[in-house]
Amino acid sequence: MMYTQTSILLFLFFCMLNPAGAQQYAFRNITTDEGLPTSECYHVMQDRKGYIWVSSNAGLGKYNGRTFRTFTTEDGLTDNIVFKTFEDDQGRLFYITGNTRIGYLKNDTAFTMPVTDTLARLMSQGKFFIYEICNYDKERFLISTQRGFYTLDKKTLSRLEAIPGMPGAAFWLKVIDGKASGSYCFEVSSGMHRMDKYNFYVEINGKSMMIPIELERSGSGSSIFRTCCLADGRVLAGFSNKIVVINPDETYTMKKLPFPVTAISQDKNKGVWVCMLNNGLYYYPCEKGNKKVCFDDEPQHLFAGESPTAALTDNEGGVWVSTLYNGIYYCPNLGIVNYTNIKQLSTKLYSLNSISSYVLTNGLNNTLFAFKNKNDFREITLPPGKEINGAYSYYKKGNKIYAAGYSSSYVLDSSLELSKIVTDRNKSSMFIYNLAEDKDKKLIGVRFSELVYFANDTIFSDMALPSRGRDIATDGAGRVYVATNKGLYIRENGHLTMVPDMRVRINKLKCGPHSRVWVCSDGKGLIEMDGMRAVKRYTTADGLASDICYDVAFEGRHAWIATNKGLCCLNTDRPGQIFTYKKQNGLLNNEIFKVCVKDNEIYISTQKGLCIADLSTLHPNLHAPRIYLTDVLSGNQSALKNSSFSYDQNNFEFVAEGISFQNPQGISYEYRLNGYDTAWKVNTTGSMTYNNLDDGSYTFEVKSVNADGVKSTETAAYSFVIQKPFWERVWFILLLVLAFAGFVYLIVSLRVSSVKKREARKSYFNRLMAEYHMSALRAQMNPHFIFNAINSIQHYILSNEKQYAYDYLTKFSILIRQVLANSQHNITTLEKELEMLELYIGLEQRRFKSRFDYEICYPGELNPDEIKIPVMLVQPFVENAIWHGIMNLPEEKKGRLSVTVECEKDVLKISVEDNGVGRKRAAGLKTDNGHAPVGMLLSQERLEILKVIGSGDTRIVVTDLEDAEGPCGTRVDIFLTLTV
């Protein structure tokens with residue numbers, strides 16, 4: 001559908017441009033460069049979440065302070081031309097479009113009402129307009145149109161009913177709930193008659209009245225009927241270029257404006273905003289001095305020549321204005337004004353001094369400005385000539401005001417009239433930076449290279465400076481501080497003394513709290529001095545915006561510091577509290593050069609001119625920002641509506657959005673992931689990522705923090721679960737258990753079969769061991785030994801050595817009993833083996849008349865009762881050593897036999913060593929009884945069988961011993977794996 005410019009103008013509700021008066025507010029223009037859909041905007045509002053919505057001819061824009069999101073027909077809107085919006089108590093955002101339809105957004109999703117086509121037909125498909133949709137009662141909305149009032153059921157959005165009009169009334173004004181807190185007002189044109197007089201039918205809280213009013217129609221024919229309820233109970237009704245003020249007592253007055261009214265609204269501070277076509281807007285502040293003057297006093301004229309469409313005060317106190325041709329404007333603080341429309345004050349000012357009841361400053365073109373307050377000031381044009389051009393500072397002494405000028409100085413009287421040019425005795429052309437009084441009340445000034453003093457309105461040289469002078473000040477004790485390029489000095493008794501540790505470039509000196517001098521340095525911050533001692537230094541580490549400080553002013557316990565990165569406010573009682581105000585707070589520029597405090601106002605000289613702010617409005621932004629979790633990304637896919645993820649969906653990006661318009665770039669975020677983090681983290685981008693999360697339950701929490709450190713009162717949260725991988729699920733574990741059980745069964749079956757085969761093999765070897773055991777038994781107790789032992793016993797008896805015979809027979813019987821007992825076992829303890837061995841060697845020693853000595857040794861830490869060895873293993877080697885080694889020695893040589901037991905880690909070593917004739921010689925000798933040494937061979941075979949059946953590493957090592965004369969014996973080493 002095509003829309004004429006005249007039709008569109010019927011829906012304009014305008015805003016602000018640059019004021020034509022002396023002062024103006026620091027509005028920032030937001031255009032398509034920042035993402036605004038178009039420059040043609042019809043309405044601006046803020047929803048309950050804190051977002052700003054802009055209605056335009058190119059869609060509906062949603063603004064968070066940093067970026068716009070635009071909703072158009074592609075997002076479900078019925079038309080791209082959106083005139084006005086309204087939010088109900090369910091959070092639905094209703095919008096009125098240019099094709100006479102009403103739709104709504106819910107959670108950023110567009111919906112079309114069932115009744116919208118019916119409304120379009122009633123409006124003759126665009127011939128008449130829908131003005132507004134608002135609350136009527138708990139069950140219904142009220143829709144005002146050019147064709148009358150209609151009610152709409154809130155629940156179904158489908159039942160539409162017309163409210164009968166009043167006969168004879170061209171316009172009907174209906175006010176619902178006219179209380180001072182949030183009154184609503186609605187209007188309707190029941191017909192556009194070509195006449196000069198109209199009847200207004202007014203209904204206010206159940207009361208009705210008819211008001212005849214003469215109105216002048218605009219030349220374009222675009223007259224819009226706009227109304228507003230004031231907090232004091234009055235109702236404003238604007239049509240064409242007149243506003244009817246209807247009082248609670250049913251009287252009314254008329255106020256005429258120069259241009260047609262396009263919008264009327266009252267802000268939270270009860271100020272009234274009246275938008276006009278092609279004439280900007282009028283702002284009527286509610287408070288002026290101590291008098292409440294809602295809409296009664298002279299307004300401030302803003303945005304002259306512009307066509308505002310709506311004015312809004314947001315929940316942080318910032319003001320928004322939508323316009324027809326230049327987008328929207330935003331002012332963060334109406335308590336700050338500037339004078340950029342005055343050329344002399346729209347540049348950097350070098351002087352700001354509070355003198356008597358004025359603040360004095362020099363502008364361009366040799367003009368002196370004297371401010372009583374931001375609304376009351378005057379210009380004083382000084383006589384032309386460079387001799388009085390550009391004052392740097394003003395100082396009041398007595399009834400005279402001395403001005404330290406660029407090329408000379410001059411004197412003003414109490415009425416700020418020029419009274420005298422100060423002469424310079426030295427006729428120096430160097431300007432004076434600043435003035436101060438010493439303890440003798442002498443006026444002293446600082447120049448480029450010297451200090452000077454004033455006497456009889458004449459300048460005299462006082463003393464030279466060691467480097468370029470920059471400023472001068474005195475403290476409460478009368479000490480004179482002199483700032484130079486090389487540091488700080490104190491002048492006393494005609495001498496300059498450098499202050500220790502103050503070799504810094506100094507921009508300004510000021511006497512402040514406790515009558516101490518404060519130093520504004522160029523790179524070292526702000527320094528509080530007490531004589532030669534620096535009491536405190538304030539730098540960026542303490543919260544200062546910059547370490548480059550140009551000026552400082554004091555107001556009570558607060559120090560206002562001018563820096564190259566903003567205006568800082570320091571609470572001297574609480575040094576940790578430093579707040580910074582910048583361009584986004586309403587200042588013209590972030591580079592502040594001069595600052596001065598007078599009464600309840602602070603004067604600020606910026607790179608772009610003068611600002612004056614009410615101190616009561618310069619406070620930290622204590623409004624808690626809103627916080628929203630706008631998206632959750634998993635694998636680059638939006639997952640905000642999901643709460644359960646598979647084990648491999650474990651990489652997340654959380655996108656949060658904090659809402660604060662005063663300094664949106666200063667928003668930061670505190671966040672944590674419960675189930676992963678133990679402490680809160682800080683982020684400045686609003687995008688937080690977590691990668692490779694384990695399975696489990698998590699809750700992501702995030703808060704927003706504004707530039708002044710105020711946190712959101714609520715926390716945005718998102719809970720989700722990462723499922724266990726399939727191999728950790730119950731069904732998979734059960735499957736694994738069953739599979740494992742089957743595998744174990746198979747292994748056990750194979751193992752049992754293997755054990756059975758091994759046992760069968762072991763039984764075979766055991767039978768072999770039994771056979772070798774019997775053979776070893778016969779070899780161990782050879783017939784000669786038994787025969788000789790019995791002969792020895794007989795010899796003892798015949799020789800009547802009964803006791804010897806008895807002892808021998810006793811030990812012999814014990815030995816026979818032990819051998820027979822051990823022959824029933826394959827394994828015995830080392831202790832029993834050694835007992836039997838010692839008994840055997842003792843009998844042999846007695847039988848051979850002690851022809852040899854013997855010893856059995858083992859370490860004390862060894863416990864032979866716990867060590868197991870094959871039975872009768874060592875005896876054959878001992879017997880072999882006695883019979884074949886020692887017994888073949890000459891009779892005059894004493895034999896020696898030793899049995900030694902050692903333990904090396906897990907190996908048991910048993911050594912049998914003799915000093916006999918050696919194996920080689922013994923092999924060549926024939927014994928009388930024909931005994932062959934078969935015991936050693938049997939023992940070796942037994943050890944081989946033990947190794948085969950799994951008794952570990954068993955071996956025998958035989959070593960022939962020799963000395964210089966030849967063979968001197970034999971050593972047999974038996975190695976067994978230790979068995980306990």
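Trainee: What do S57 and S58 form, and how many residues lie between them?

Mentor: In this predicted model, S57 and S58 form a hairpin with two residues between them. Asp599, in the turn, has a positive phi of about 55 degrees.

Trainee: What makes S57 and S58 a pair of strands?

Mentor: Pairing requires at least two bridges, and six bridges join S57 to S58, residues 601-606. The two therefore count as paired, and they run antiparallel. One of the bridges links Lys598 with Glu601 in S58.

Trainee: Why is strand S57 called mostly covered?

Mentor: Buried means under 20% relative accessible area. In S57, residues 592-598, seven of seven residues are buried.

Trainee: Why is Glu835 called partly exposed?

Mentor: The class lies between the buried limit of 20% and the exposed limit of 50%. Glu835 has 42% relative accessibility, so Glu835 counts as partly exposed. This residue is found in helix H6, residues 830-847.

Trainee: Which residues form the negative surface patch with Glu835?

Mentor: Glu831, Glu838, Asp865 and Glu866 form the patch together with Glu835. Patch residues need over 30% relative accessible area, and Glu835, at 42%, meets that condition.

Trainee: How do you know that Leu746 is partly exposed?

Mentor: Leu746 has a relative accessible area of 47%, and the exposed class begins over 50%. Leu746 is therefore partly exposed. Its place is in helix H3, residues 730-780.

Trainee: What is the accessible area of the nonpolar patch on the surface that includes Leu746?

Mentor: Together its residues have about 730 Å² of accessible area. Among them are Phe740, Phe743, Val744 and Ile747.

Conventions
Residues numbered from 1 in each chain as written. Predicted model: local features only at pLDDT ≥ 70, side-chain atom pairs only at ≥ 80, totals over all residues. Heavy atoms only, no water. Patch = residues over 30% accessible without salt bridge, like charges linked within 9 Å, V, L, I, M, F, W, Y side chains within 5 Å. Areas by Shrake-Rupley, 256 points an atom, 1.4 Å probe, with all protein chains shown as cover. Salt bridge = Lys/Arg side-chain N within 4 Å of Asp/Glu carboxyl O. Lys, Arg positive; Asp, Glu negative; His and termini not counted. Charge placed at Lys NZ, Arg CZ, Asp CG, Glu CD. Helix = DSSP H or I, 4+ residues; strand = E, 2+ residues; numbered from the N terminus. Buried < 20%, exposed > 50% of the residue type's maximum accessible area, 1.4 Å probe, protein only.
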